[in-house]
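Biologist: I keep seeing labels on models without the reasoning behind them. Could you take me through this one, label by label?

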Amino acid sequence: MRQRVVLKWGGGLITEKGQLKTVREEVLNDLAQQIEQVMEEDIDVILVHGAGSFGHLKAKQYRLAEGHVEGATFDGPLTQDEAVTDVRNDMLALNEHVLNALTRLDISAVSLAPHQWARNTGPSFEGDLSLFRDAPKGIVVVTHGDVVDCDEPKRFGILSGDDLVVRLATELPGVNRLVFAMGGVEGVLSQPPGVSSEAYLIERLTENMFFEGEHAVEMDVTGGIGLKVNRGFLVHKQGIEVLLVSGEHAQRVTQACLGQQVRGTKLAS
């Protein structure tokens, strides 16, 4: 059976959080090179990326995670429906940057925007995963967090990349590893970075262990590190290795994807 790894690039890793719709080009190019290295080992990559400054700010402003809010007013010129269209287009723009980073290295890649194939939110979203399963060997299939249609009365909502990876990792054949590549941290920390001098990297994280991650509440609409850990354990319980590593240190994503020893956090029973 062909080997696959599901890789999640955090939005805060590939974009500048404080600058609207700004890509971290050097980081993106390095991450693409690491995918190339993984594929040289005959492992296919399913790539999911977050939104960062391309999606979260406007989604927060217009309360898109809540779905349609009847009679609500917003600090901005758009209606919620107009904001849905804008965020989808912004995510397509970010996705184009991702695809360009891959194709510059002659990596064959295809993108599947969730608003075109998925419906409803959370890990039980509806969608045809055969689009990923049947992709030809050697092609990176890319998807991302998005605003998707939902059943009434919600109408629309945010389908997080962290929910996408649960289904992709557990339902596609040949996946034995899920890797979260993050910005700003080396894995899961006991305390938020910069808050406590006692903060340290948790190298093996079990469900009953305490940690307190940093969550950018002014921007993030999908739950931050807590959601990643929660969804990671859903995958871990299916016998799939789950690692959370820095995407800003050379070779760590490659090492994690190949199952090599790497500095970061590994989920454990």
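What follows is a run of questions about labels and the values behind them.

Modeller: Keep in mind that this is a predicted model. The protein chain has eight helices and twelve strands.

Biologist: What makes the protein chain as compact as a globular protein of that length?

Modeller: Set two values side by side. The radius of gyration is 18 Å, and the globule rule gives 18 Å for 269 residues, so the label holds. As for extent, the C-alpha atoms fill a box of roughly 55 × 50 × 35 Å along the principal axes. Of the 269 residues, 52% count as buried, and the accessible surface comes to about 11900 Å², with 45% of that belonging to carbon and sulfur atoms.

Biologist: Fine. Why is Asp-44 called buried?

Modeller: Buried means under 20% relative accessible area. Asp-44 has 4%, so it gets the label. Its place is in strand S2, and, leaving aside neighbours within four places in sequence, it is in contact with Arg-2, Gln-3, Arg-4, Val-5, Lys-137 and Gly-138.

Biologist: And why is Lys-60 called partly exposed?

Modeller: Partly exposed runs between the 20% and 50% cut-offs. Lys-60 comes in at 37%, so that's where it goes. You'll find Lys-60 in helix H3, residues 56-61.

Biologist: How do you know that the buried residues of H2 line one face of the helix?

Modeller: First the list: Val-27, Leu-28, Leu-31, Ala-32, Gln-34, Ile-35, Val-38 and Met-39 are the buried residues of H2. Looking down the axis of H2, they fall within an arc of 160 degrees, so they line one face. The general background is that an α-helix has 3.6 residues a turn, so residues three or four places apart point the same way.

Biologist: What do those buried residues of H2 pack against?

Modeller: Quite a cast: strands S1, S2 and S6, plus helices H1, H4 and H8. H2 itself covers residues 25-39 and reaches 21 Å from first C-alpha to last, close to the 21 Å expected for its 15 residues.

Biologist: Which residues have the most contacts inside the largest nonpolar core?

Modeller: That core has 44 residues, and the ones with the most contacts are Leu-7, Trp-9, Ile-35, Leu-47 and Leu-64. H4 gives the most to this core, with eight residues. Take Leu-7: beyond four places in sequence, its contacts include Ile-35, Leu-47, Val-179 and Val-253. There's also a second, separate core of 39 residues, with Leu-164, Leu-172, Phe-180 and Leu-205 among them.

Biologist: What makes the backbone at Arg-63 and Gln-251 worth flagging?

Modeller: The usual pattern is that most residues other than glycine have a negative phi, and most peptide bonds are trans. Arg-63 has phi near 55 degrees, a positive value in a residue other than glycine. Gln-251 also has a positive phi, near 75 degrees. Arg-63 sits in the loop between H3 and H4, while Gln-251 is in the loop between strand S11 and H8. With a relative accessible area of 33%, Arg-63 is partly exposed; Gln-251 counts as partly exposed at 30%.

Biologist: Last one: how do you know that the peptide bond from Glu-152 to Pro-153 is cis?

Modeller: Look at omega: it is near 5 degrees, and the bond is listed as cis. Pro-153 is found in the loop between strand S7 (146-149) and strand S8 (156-159).

Methods
Residues numbered from 1 in each chain as written. Predicted model: local features only at pLDDT ≥ 70, side-chain atom pairs only at ≥ 80, totals over all residues. Heavy atoms only, no water. Helix = DSSP H or I, 4+ residues; strand = E, 2+ residues; numbered from the N terminus. Expected span 1.5 Å × (residues − 1). Buried < 20%, exposed > 50% of the residue type's maximum accessible area, 1.4 Å probe, protein only. Arc of directions from axis to C-beta. Contact = heavy atoms within 4.5 Å. Core = buried A, V, L, I, M, F, W, Y, C linked by side-chain atoms within 4.5 Å. Rg over C-alpha atoms; globule rule 2.2 N^0.38 Å. Areas by Shrake-Rupley, 256 points an atom, 1.4 Å probe, with all protein chains shown as cover.
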